[in-house]
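Subject: A structure for you to explore

Hi there,

Here is the structure I promised to pass on to you. Have a look at it first, and then read my notes underneath.

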Amino acid sequence: MKAYAHGHGVHAEVGDQIVVGGPTVGTPGRDGEVIALHHDDGTPPYDVLWSDTGRTTVFFPGPDAHVRHLHAESGTPHRTDHH
């Protein structure tokens with residue numbers, strides 16, 4: 001099970017959205033899509049395709065970054081419960 005970004009506990013999968021900054025003192029923030037992982041366990045760094053520039057960079061999330069797991073928001077379950 002993946003967890004949202006909390007300090008060094010960042011985990012993401014390909015297709016997740018990285019959001020940096022945001023609703024703080026007038027800054028719009030920045031977002032991009034994780035297009036590749038450097039570690040199989042989903043820990044940073046990530047290759048991120050940024051929506052504002054269309055460029056891809058290697059990204060190490062800081063304290064102002066969080067991961068939006070888009071598949072969870074679309075209603076597609078990530079985890080399978082066996083009853």
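Below is what I found in it.

Please keep in mind that this is a predicted model. A good place to start is the sheet: five strands form an open sheet with antiparallel pairing, in the order β4-β3-β2-β1-β5. At its edges are β4 (56–59) and β5 (65–68), each of which pairs on one side only. On average, neighbouring strands in this sheet are turned by 35° against each other, direction ignored. As background, strands of a sheet pair through backbone hydrogen bonds, either parallel or antiparallel.

For one pair in detail, take β2 (residues 30–37) and β3 (residues 46–50), which are joined by five bridges in the antiparallel sense. In this pair, G32 stands opposite W50 of β3.

Next, the core. The largest nonpolar core has 11 residues, including V10, I18, V34, Y46, V48, W50 and F59. Two or more of its residues come from each of β1 (17–20), β3 and β5, and β3 gives the most, with three. In soluble globular proteins, nonpolar side chains tend to be buried together.

Which residues does Y46 touch, leaving aside its neighbours within four places in sequence? Among them are V10, A12, I18, V34, T57, F59 and P61.

Finally, find H66 in strand β5. H66 counts as partly exposed because its relative accessible area of 33% lies between the cut-offs of 20% and 50%. H66 and V19 are 47 residues apart in sequence, yet their C-alpha atoms are 5.4 Å apart in space.

Enjoy exploring!

Best wishes

Methods: Residues numbered from 1 in each chain as written. Predicted model: local features only at pLDDT ≥ 70, side-chain atom pairs only at ≥ 80, totals over all residues. Heavy atoms only, no water. Pairing = 2+ DSSP bridges. Helix = DSSP H or I, 4+ residues; strand = E, 2+ residues; numbered from the N terminus. Axes fitted to C-alpha atoms, helices over the stretch in contact; angles between N-to-C directions. Core = buried A, V, L, I, M, F, W, Y, C linked by side-chain atoms within 4.5 Å. Buried < 20%, exposed > 50% of the residue type's maximum accessible area, 1.4 Å probe, protein only. Contact = heavy atoms within 4.5 Å.
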